Amino acid sequence: QVQLVESGGGLVQAGGSLRLSCAASGRTFSNYRMGWFRQAPGKERDFVARIRWSGGSTYYADSVKGRFTISRDNARNTVYLQMNSLKPEDTGVYYCAAAPNLYGTYDYWGQGTQVTVSS
């Protein structure tokens, strides 16, 4: 059974940085896409970034391009989201997700970690 456990959220001032981690277990993830999503209060969950476990190609939402970096550590089965130049509008619950193929839905989700950016 796939398990995703996020960590690294917290409270930070605008302009600051945080690094989120997503520890993945229960499967071999070599063919998976791993994504980060976020949900602000009262809003829908939005895509933030994704990485292909094999090859490491990445893709970002326009709102975070140039500020956030997604990466993975194969040895630790962990995906990271480095967030720099944070803005108050980056506030929300950040979720890690896994898709077992290149083009399908994200089938597995973590419990989320809260990120709050104060102005």
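Two strands are taken to pair if DSSP finds at least two bridges between them, and in this predicted model that criterion is met by strand E3, residues 18–25, and strand E8, residues 78–83, which run antiparallel to each other and are joined over six bridges. Among the residues of this pairing is Leu18, whose bridge partner in E8 is Met83.

The pairing of E3 with E8 belongs to an open sheet of four strands, arranged in the order E1-E3-E8-E7 and paired in the antiparallel sense. Strand E1 (3–7) and strand E7 (68–73) each have a single partner strand and stand at the edges, so that one side of each is left without a neighbour in the sheet. When direction is ignored, neighbouring strands of this sheet are turned against each other by 15 degrees on average.

Strand E3 also contributes a cysteine to a covalent link, since a search of the whole structure finds one disulfide, and this is formed by Cys22 and Cys96, with their sulfur atoms 2.0 Å apart. The disulfide connects distant parts of the chain, as Cys22 lies in strand E3 whereas Cys96 lies in strand E9 (residues 92–99), the two cysteines being 74 residues apart. The link of Cys22 and Cys96 is left-handed, with -75 degrees about the S-S bond. As for their surroundings, Cys22 and Cys96 are both buried, where buried denotes under 20% relative accessible area.

Definitions and conventions: Residues are numbered from 1 along each chain as its sequence is written. This is a predicted model: local features need pLDDT of at least 70, side-chain atom pairs count only at pLDDT 80 or more; totals for chains, interfaces and linings use all residues. Side-chain values use heavy atoms; hydrogens and water are left out. Axes are lines fitted to C-alpha atoms, for helices over the stretch in contact, and angles run from 0 to 180 degrees between N-to-C directions. A disulfide is a pair of cysteine sulfur atoms within 2.5 Å. Buried means under 20% relative accessible area, exposed over 50%, partly exposed in between (1.4 Å probe, protein chains only).
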